[in-house]
Amino acid sequence: MKAAVTWHPNAPKPLALVLGTNEIASAVAARLNQARFAIVLCHDAFPPVIRRGMAFHDVLFGEARELDGVTGCRAESIADVVRIHREPGQVAVTAMHLTDIIAFRYPAVIVDARMQKHVVTPDLRGVAAIAVGIGPRFAVGHNCDIAIETHPCETGTIVAQGSTRSADGKARDLGGAGRERFVYSDQDAVWHTPLDIGMRVYKGLQLGSLGGTPVLAPLDGALRGMARDGLRVPANVKLIEIDPRGRHAAWTGMDERGQTIAASVVSAVHQVMQTSRTAGRVSAIV
C-alpha cells in the first residue's frame, strides 16, 4: 500500500526541495508530488547522473521527461517555479542555488538524494521543517531528522535512530552482474560519446572517450546508464552502466529500488509529521 500525506484540499501545497536530479531523487520527487507537495529538484554536479532515462536530469538540457505520470519542467527563475507549481503533476527541475529557493519560500521538507557516498554530508536540519537523508553518511539528530537506507540488504528501511550503513563498494546484482557492469572514470576529464541510453552494445566496443582515452564496454548488454556527452567528469565516479539482462533490460521509468526508496521517504515524512513538535512547525508554513 502506498504511503500518503494528506492535506486540506484548499491549503497551499507545502514545498519540498529534493537535492539531486538522479533516478532516486526523481522517484522521490514523483512520489512526493503525488502526495500533494510542490516539488523543486535542485541539480548538483557531483556525482554525474548516469541513469538519465530514469531521471528528470535531462530536463535541464531541454529534453522532455515523465515518470509515473509526473512531468519534469525546467525552471530558470522563481517565476518559472511558481508557474510550474500551478499545474498538477509537474515538478520544477532547476540549476538555481539552494539559497535562491529558500529565500523564495521556507520548505516543509528537504530531501538529500544526491547519493554522495564518500563526501562530507552537510547538516540540513533547519533548512526545512523536516530534513530527510537518503543513503550512506546520514545520522539522525546529527545531519538529518530521519533517514532512508539504500544498502541492498535493507533498501527502503526508515532509520529513525542512529545512522545509515556506510558504503561498502559492493553493487547490487543485476542479471548476474555486480560492480563489473559499471565503468568508472580513471581521470578528471571531458567525456565524449556518440551513443545514447538504451543502445545495445557488446563487450570491447568503444563507447566513447574520456580525455582522449578510449572507454570500452565491459559486458554485452544495453546501456542502462551513461554520462552526457561533453560533460567534464571527475575521477573515480560511475561513468557507464550496462544492463546484461537481454530482452529484460530496462533503462527508462522508475525501477523497483527507486519505488521502494521513494515510498519510504513519503512514509518517513508522514511519520515525522505525526510528532507534535514537527507537525506544529509544518502546519505553520503551509
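This short talk walks through the cores, one helix and the empty spaces of a predicted model. Residues are numbered from 1 along each chain as its sequence is written, and side-chain values use heavy atoms, with hydrogens and water left out. Because the model is predicted, local features need pLDDT of at least 70 and side-chain atom pairs count only at pLDDT 80 or more, while totals for chains, interfaces and linings use all residues.

Let me begin with the interior. The largest nonpolar core, meaning a set of buried Ala, Val, Leu, Ile, Met, Phe, Trp, Tyr and Cys residues joined through side-chain atoms within 4.5 Å, has 40 residues, and Leu32 and Ile134 are those with the most contacts inside it. Buried here means under 20% relative accessible area, with a 1.4 Å probe and protein chains only. The largest share of this core, eight residues, comes from α4, where helices are DSSP runs of H or I with at least four residues, strands are E runs of at least two, and both are numbered from the N terminus. A second, separate core of 20 residues includes Ala217, Leu223, Val233 and Ile240.

Staying with Ile134, and leaving aside residues up to four places away in sequence, its contacts (heavy atoms within 4.5 Å) include Ile24, Val28, Met115 and Ile261.

Next, helix α2, residues 78–85, has as its buried residues Asp80, Val81, Ile84 and His85. These lie on the same side of α2, because they cover an arc of only 130° around the axis, the arc being that of the directions from the helix axis to the C-beta atoms. Among the elements that cover them are β1, β4 and α3.

Finally, the empty space. On a 1 Å grid over the protein atoms alone, a cavity is a set of points where a 1.4 Å probe fits but cannot get out, a pocket is an open set with protein on both sides within 12 Å along at least five of seven lines, and lining residues have an atom within 4 Å of a point. The largest pocket holds about 920 Å³ of space, a volume being the space filled by probe spheres set on the points, which are joined across faces, edges and corners. It is lined by 37 residues, and the closest to its centre are Pro47, Met115, Lys117, Tyr184 and Lys238.

There are also three cavities of 30 Å³ or more. About 80 Å³ lies in the largest cavity, whose lining includes Ile134 and Met115, and about 50 Å³ lies in the second largest, with Pro47 and Arg114 among its lining residues.

Terms used. Buried means under 20% relative accessible area, exposed over 50%, partly exposed in between (1.4 Å probe, protein chains only).
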